[in-house]
Amino acid sequence: MSAVDELLAQARRELGHRVEPREAAAIQEAGGLLVDIRYAELRERDGTIPGALIIERNELEWRLDPTGAHRAPEATHHTLPIVIICNEGYASSLAALSLRHLGLLHATDLTGGFQAWREAGLGVIGG
(Lines give C-alpha, C1' and ligand atoms only; values in the text may rest on other atoms or scores of the structure.)
Protein backbone atom coordinates (compact mmCIF):
# COMPACT_ATOMS: atom_id res chain seq x y z
CA MET A 1 0.00 0.00 0.00
CA SER A 2 1.34 3.44 -0.89
CA ALA A 3 1.91 6.07 1.79
CA VAL A 4 -0.99 8.19 0.56
CA ASP A 5 -3.32 5.17 0.52
CA GLU A 6 -2.35 4.45 4.12
CA LEU A 7 -2.95 8.09 5.06
CA LEU A 8 -6.41 7.93 3.47
CA ALA A 9 -7.24 4.67 5.25
CA GLN A 10 -6.13 6.15 8.56
CA ALA A 11 -8.23 9.29 7.97
CA ARG A 12 -11.29 7.19 7.24
CA ARG A 13 -10.75 5.11 10.37
CA GLU A 14 -10.55 8.28 12.45
CA LEU A 15 -13.62 9.81 10.80
CA GLY A 16 -15.73 6.74 11.37
CA HIS A 17 -19.13 7.24 9.78
CA ARG A 18 -19.08 8.94 6.38
CA VAL A 19 -22.35 9.94 4.78
CA GLU A 20 -24.14 8.77 1.66
CA PRO A 21 -25.79 11.30 -0.70
CA ARG A 22 -29.32 11.17 0.74
CA GLU A 23 -27.98 11.47 4.28
CA ALA A 24 -25.96 14.51 3.20
CA ALA A 25 -29.12 16.08 1.76
CA ALA A 26 -30.90 15.49 5.07
CA ILE A 27 -28.04 17.09 6.98
CA GLN A 28 -28.25 20.14 4.73
CA GLU A 29 -32.03 20.33 5.15
CA ALA A 30 -31.59 20.21 8.94
CA GLY A 31 -29.21 23.20 8.86
CA GLY A 32 -25.83 21.56 8.34
CA LEU A 33 -23.33 22.67 5.73
CA LEU A 34 -22.42 20.93 2.52
CA VAL A 35 -19.02 22.25 1.48
CA ASP A 36 -17.83 21.70 -2.09
CA ILE A 37 -14.02 21.76 -2.26
CA ARG A 38 -13.73 20.89 -5.96
CA TYR A 39 -11.74 23.24 -8.14
CA ALA A 40 -13.53 25.61 -10.53
CA GLU A 41 -13.02 23.53 -13.67
CA LEU A 42 -14.88 20.56 -12.17
CA ARG A 43 -17.70 22.76 -10.90
CA GLU A 44 -18.05 24.34 -14.34
CA ARG A 45 -18.00 20.96 -16.06
CA ASP A 46 -20.33 19.04 -13.74
CA GLY A 47 -22.34 21.70 -11.92
CA THR A 48 -22.85 22.37 -8.23
CA ILE A 49 -25.12 21.25 -5.43
CA PRO A 50 -27.84 23.79 -4.64
CA GLY A 51 -27.05 25.55 -1.37
CA ALA A 52 -23.58 24.08 -1.01
CA LEU A 53 -20.87 26.42 0.22
CA ILE A 54 -18.02 26.63 -2.29
CA ILE A 55 -14.61 26.71 -0.61
CA GLU A 56 -11.64 25.43 -2.55
CA ARG A 57 -9.41 23.05 -0.63
CA ASN A 58 -6.53 25.47 -0.09
CA GLU A 59 -8.79 27.84 1.92
CA LEU A 60 -10.86 25.29 3.81
CA GLU A 61 -9.43 25.45 7.31
CA TRP A 62 -9.26 29.26 7.34
CA ARG A 63 -12.84 29.65 6.13
CA LEU A 64 -14.43 27.05 8.44
CA ASP A 65 -12.59 27.73 11.71
CA PRO A 66 -15.30 29.42 13.83
CA THR A 67 -12.58 31.23 15.82
CA GLY A 68 -10.71 32.54 12.79
CA ALA A 69 -10.62 36.07 11.44
CA HIS A 70 -11.15 34.78 7.87
CA ARG A 71 -14.07 32.47 8.58
CA ALA A 72 -17.09 32.23 6.33
CA PRO A 73 -20.26 33.66 7.92
CA GLU A 74 -21.73 30.13 7.90
CA ALA A 75 -18.94 28.80 10.17
CA THR A 76 -20.72 29.68 13.37
CA HIS A 77 -19.71 27.03 15.91
CA HIS A 78 -17.66 23.87 16.49
CA THR A 79 -20.70 21.57 16.64
CA LEU A 80 -22.05 22.52 13.22
CA PRO A 81 -22.62 19.43 11.04
CA ILE A 82 -20.34 19.77 8.01
CA VAL A 83 -20.13 17.43 5.01
CA ILE A 84 -17.09 17.95 2.78
CA ILE A 85 -17.57 17.09 -0.89
CA CYS A 86 -14.84 16.55 -3.44
CA ASN A 87 -15.21 14.95 -6.84
CA GLU A 88 -15.10 11.26 -5.92
CA GLY A 89 -14.71 11.11 -2.12
CA TYR A 90 -10.95 10.86 -1.62
CA ALA A 91 -9.59 14.35 -0.92
CA SER A 92 -12.70 15.06 1.13
CA SER A 93 -11.76 12.42 3.70
CA LEU A 94 -8.41 14.08 4.34
CA ALA A 95 -10.05 17.52 4.44
CA ALA A 96 -12.77 16.41 6.89
CA LEU A 97 -10.16 14.97 9.23
CA SER A 98 -8.25 18.24 9.13
CA LEU A 99 -11.43 20.04 10.22
CA ARG A 100 -11.89 17.56 13.05
CA HIS A 101 -8.38 18.46 14.22
CA LEU A 102 -9.52 22.10 14.33
CA GLY A 103 -12.28 21.04 16.72
CA LEU A 104 -15.16 20.79 14.25
CA LEU A 105 -16.63 17.76 15.94
CA HIS A 106 -19.19 16.79 13.30
CA ALA A 107 -17.13 17.23 10.15
CA THR A 108 -17.30 14.27 7.79
CA ASP A 109 -17.34 13.67 4.06
CA LEU A 110 -19.56 12.37 1.31
CA THR A 111 -18.81 8.81 0.26
CA GLY A 112 -18.26 8.87 -3.52
CA GLY A 113 -18.19 12.69 -3.59
CA PHE A 114 -20.06 14.86 -6.05
CA GLN A 115 -20.26 12.03 -8.57
CA ALA A 116 -22.22 9.90 -6.07
CA TRP A 117 -24.54 12.85 -5.35
CA ARG A 118 -25.26 13.24 -9.05
CA GLU A 119 -25.70 9.49 -9.60
CA ALA A 120 -28.21 9.45 -6.72
CA GLY A 121 -30.36 11.82 -8.77
CA LEU A 122 -30.13 14.66 -6.28
CA GLY A 123 -30.27 18.25 -7.45
CA VAL A 124 -27.45 19.80 -9.44
CA ILE A 125 -27.22 23.31 -10.87
CA GLY A 126 -25.43 23.71 -14.21
CA GLY A 127 -23.00 21.27 -15.66
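Let me begin with the contacts: among those in the protein chain that join residues at least 6 apart in sequence, 65% are between residues at least 24 apart. Please keep in mind throughout that what we are looking at is a predicted model.

As for the secondary structure, the protein chain has six helices and four strands, and when we read along the sequence they follow the pattern α-α-β-α-β-α-β-α-β-α. The radius of gyration is 14 Å, which is close to the 14 Å that the globule rule gives for 127 residues, so the chain is as compact as a globular protein of that length. Taken along the principal axes, the C-alpha atoms fill a box of roughly 40 × 35 × 25 Å. Of the 127 residues, 43% count as buried, while the chain exposes about 6600 Å², with carbon and sulfur atoms supplying 54% of that area.

Turning to the interior, which residues have the most contacts inside the largest nonpolar core? That core has 21 residues, and the ones in question are Val 35, Leu 60, Leu 64, Ile 82, Ile 84 and Leu 99. At least two residues of this core come from each of helix H1 (3-15), strand S1 (33-36), helix H4 (60-64), strand S3 (82-85) and H5, and it is H5 that gives the most, with four residues. A second, separate core has twelve residues, including Val 19, Ile 27, Ile 49 and Ile 85. If we take Val 35 and leave aside its neighbours within four places in sequence, we find it in contact with Leu 53, Ile 55, Leu 60, Leu 64, Ile 82, Val 83, Ile 84 and Ile 85. As a general remark, nonpolar side chains in soluble globular proteins tend to be buried together.

I would like to stay with H5 for a moment, a helix that covers residues 91-101. Its residues Ser 92, Ser 93, Ala 95, Ala 96, Leu 97 and Leu 99 are buried, and the buried residues of H5 pack against H1, H4, S3 and strand S4 (107-109). Just after this helix, Gly 103 takes a positive phi of about 100 degrees.

That leaves Leu 94, which also has its place in H5. Why can Leu 94 be part of a surface patch, given that patches are made of residues with over 30% relative accessible area? Leu 94 is partly exposed, because its relative accessible area is 31%. Together with Val 4 and Leu 7, Leu 94 forms a nonpolar patch on the surface, and the accessible area of these three residues together is about 240 Å².

Methods. Residues numbered from 1 in each chain as written. Predicted model: local features only at pLDDT ≥ 70, side-chain atom pairs only at ≥ 80, totals over all residues. Heavy atoms only, no water. Patch = residues over 30% accessible without salt bridge, like charges linked within 9 Å, V, L, I, M, F, W, Y side chains within 5 Å. Areas by Shrake-Rupley, 256 points an atom, 1.4 Å probe, with all protein chains shown as cover. Salt bridge = Lys/Arg side-chain N within 4 Å of Asp/Glu carboxyl O. Buried < 20%, exposed > 50% of the residue type's maximum accessible area, 1.4 Å probe, protein only. Rg over C-alpha atoms; globule rule 2.2 N^0.38 Å. Contact = heavy atoms within 4.5 Å. Core = buried A, V, L, I, M, F, W, Y, C linked by side-chain atoms within 4.5 Å.
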